[in-house]
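Got the viewer open? Let's walk through this one a selection at a time.

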Amino acid sequence: MTTVAPAARNAPAVAWHHRNLIDLDVVTWPEIELIMRTTDEMNGVLARPIRKVPALNGRRVTTLFYEASTRTRVSFETAARNLSADVVSISTATSSVTKGESLVDTVRTLEALGAEILVMRHSVSGAPYRAAEVFGGHILNGGDGWHAHPTQALLDLYTMRENLPGGDLHGRKVAIVGDILHSRVARSNIWSLTAAGADLWLCGPATLLRGMDRWAAAWSGGAVPGHGRFNVTSDIEAALRDADVVMGLRIQRERMQGGLLPSLREYAARFQLNAERVSLAKPDAIVMHPGPMNEGVEISPDVAISGRSVITDQVANGVAVRMALLYLLAGSHEAAHGEAAHGEAAR
Amino acid sequence: MSADGNGVRPGALGPKIGETVERFELAKAWLVDPVSGREGPGEIVVTDGILESVVWLEGDEAAGVTDTGVIVAPGFLDLHAHFREPGFEDAETVASGCAAAAHGGYTAVVTMANTKPALDEPGILERVRSAARASASPVEVHAYGAVSAGRAGEQLSAMGELADAGVLGYSDDGAPVKSPKLLRSALVYAGMLGLPVVEHAEDLELTAGAEAHEGYVASVLGLAGWPAAAEVGAVARDLAILADVLGDEPRARLHLTHVSTAPALELVRRAKANGLPVTCDVTPHHLAFTDEWIAGSRRWAWEALGADGKPRDPWVDGALTGQPYDTSLRVNPPLRTAADAAACRDALLDGTADAVATDHAPHTTVDKEVEFGLAANGISGIETALGVLLALVDAGKLPLARAVAALTVGPAGVVAASTRGAGTSAARPRGLVEGAPADLVVFDRSEGWRVTPGSLLSKGKNSPLLGREVPGRVVLTIARGRLAYEDPAAGENDA
């Protein structure tokens, strides 16, 4: 009779080797599962009376927010402190950014001041890649422009797995409804949910879907390795019918000034996630929203606080997912797996 | 200086930049004369700055000389360059621009008017000319004047005075002439003066805030879409206005610069077939790069199409090897799809596009080492244009003779298409003409060169090709009988 050493039995199937996490396009499904398992462990920490471990004791985490977002910043900072990291917090209002200092200069300065992990939020798509070109530590993207919000997509995935019977997204219908065009949450969810095998539907007014049909068309043959196809539609009923997960996205007032929407009232009349529409979904479907919500616009208050809503779970899981990513990034090594070659250094 | 085509170089003891080339002989090279349409083995002799003899070799003498070694062609003419002086001398000066041009094989350029102040009256033109004289470079610097005073798009510039001072046309490039009414006036008034309006065709309302060509790549990258319709609609407008004014002013001429989309090129094709007096150019970067470069792809545009002619997906086939959101790729008009790049190539082949123009747009690192969406538009391209076209030639997508024509007789023909332009030195036929001042480039197709901040003579290091080897090393450029560029490695390989 052979025995398996506990260490071998528990060894993860995959090691984390990304220096930065900027987008999910370079993250494989086994790596996502590693993040999910690590998040489980972090949730275990958060269930203890003292919600703090010394994993990142003495490590320096800096949050650099070029866009106001108290919720996301506090979530990252809570995660870092739960791991006993030292946290420095910078937002545009209090930094030299407003004096015209360039991103590259700011990042170099923060590194000289000892930053090891940089959590970055920026209004311009791709900005963290620029930062990664000059930053020697690890960059964790807290959202860039319309491009990516990987920690949000991962906490969404974690929350879905937690709430769906069997914990598996495969074949599950997920409808994301709202301003898809301007949404980094939607874009990152495309990468993670098509990797998870979900039946993904993106829905909104045609003006707020612009361009996404071309992405969906490019992937319609299921050609991208590790990613399935997804649907783009303005038919809210088709999107919601028999869905397992219904996610609303924030609608911003600026969209009307840009001529993309007649009015918030008209949006609500046609696309609001209200009780009647959500009843098209499966009886046990869950309702999600990345926040902050415009209750009465993209989601009705009763749906937001209904028994189906897992919105507060998302917030709680956000801390655990961010703990997991800070932990994994801090343990990764730059040159591992030849990642430093080409642009991969920044990916 | 003497050399033969077997790798021997002009010699390190030649004249300095700007001095007359007293004696230069090149035996057994491949000559390309786009005026006569002839190409083949030959030899040339330059004496006291004059192209004394052009001898075409045949039979045994021609043995072993191919079009893949040392090439002699007439000096190139660039219809679209930004030399940034006056006003933005950190990015480029007339002197550094001329050095870069000569490194690219160019012996003449036409600069754009978006300097500071704009070139909207003869005094600014004189500043440009005086900087060119002071540079000692023999590269001919011509200029377009602005269409509108201060390029503000409100009233006409000092068009008549500018014509008298010698501008080759009028352009508010960097921006379109937004007002159709002003464009109409400009076409008529410039036509009266015998000069073209050179239009940057863009609908500014459709492109407000735009970052990358609207399509698959921009959608995935979360970049604000820059619709093809912004160019197509503007080209349609410009052509309609041109057709409309010809009854009043038959000398009205329109040149569309940096046309980048397949539908806009098709509009130009039809307009030409209908006899409208329109010309257009395409850029090296729209021929060779695509929007997928912004995602990190670094393959040539023609490699991004599958054997079936359909676009390949860089997320599928592992083409994403470079830095994403590289700001050297931010340019106006934006890099388009592989199909658009192929349409630019087709337009060159069938004559819809008269010329390749570089839209050489040097920028400082301050303006480029920022976030993609905040970066200045433009590619520093005058030194790599030849290499990009030779890459097309190497791939079998463009005959060598057509590439050379697009850099020589093509642009000269655009200048010659207007009555006043036809009388200028920029319009002279660019051929290998015995007895005329030597104006030629010698480049070696058997050797590439690596594009680096150090190897670029332009102050603008904003090239997407940085770090990459491009084909065709320019060995020697002679402009109007004077030395414009000599490869610093020249002579090192002498046996």
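The tour goes from confidence to domains to the chain contact.

Before clicking, note that this is a predicted model: local features need pLDDT of at least 70, side-chain atom pairs count only at pLDDT 80 or more, and totals for chains, interfaces and linings use all residues. Residues are numbered from 1 along each chain as its sequence is written, while chains are lettered from A and ligands numbered from 1 in the order in which they are written.

Colour by pLDDT, the predictor's confidence in each residue, from 0 to 100. The model scores ipTM 0.91 and pTM 0.93. Chain B has a mean pLDDT of 95, with 96% of its residues at 70 or more. Now select residues 4-13 of chain B: pLDDT is below 50 there, yet the stretch has 34 contacts in the model beyond near neighbours in sequence (a contact means C-beta atoms, placed from the backbone, within 7 Å). Where pLDDT is low, the predicted coordinates should not be read in detail.

Next, split chain B into domain 1 (2-73 + 434-486) and domain 2 (75-427); such bounds come from an automatic or database domain assignment. Their C-alpha centres lie 26 Å apart, and the contact takes 34 residues from domain 1 and 45 from domain 2. On the domain 1 side, pick strand 16 (469-479) of chain B, which gives the most, six residues. Strands are DSSP runs (E, at least two residues), helices likewise (H or I, at least four), numbered from the N terminus.

Finally, show both chains: their contact takes 29 residues from chain A and 25 from chain B. Helix 7 (184-195) of chain A is one of the elements giving two or more residues to the chain A side.

Methods:
Contact = placed C-beta atoms within 7 Å.
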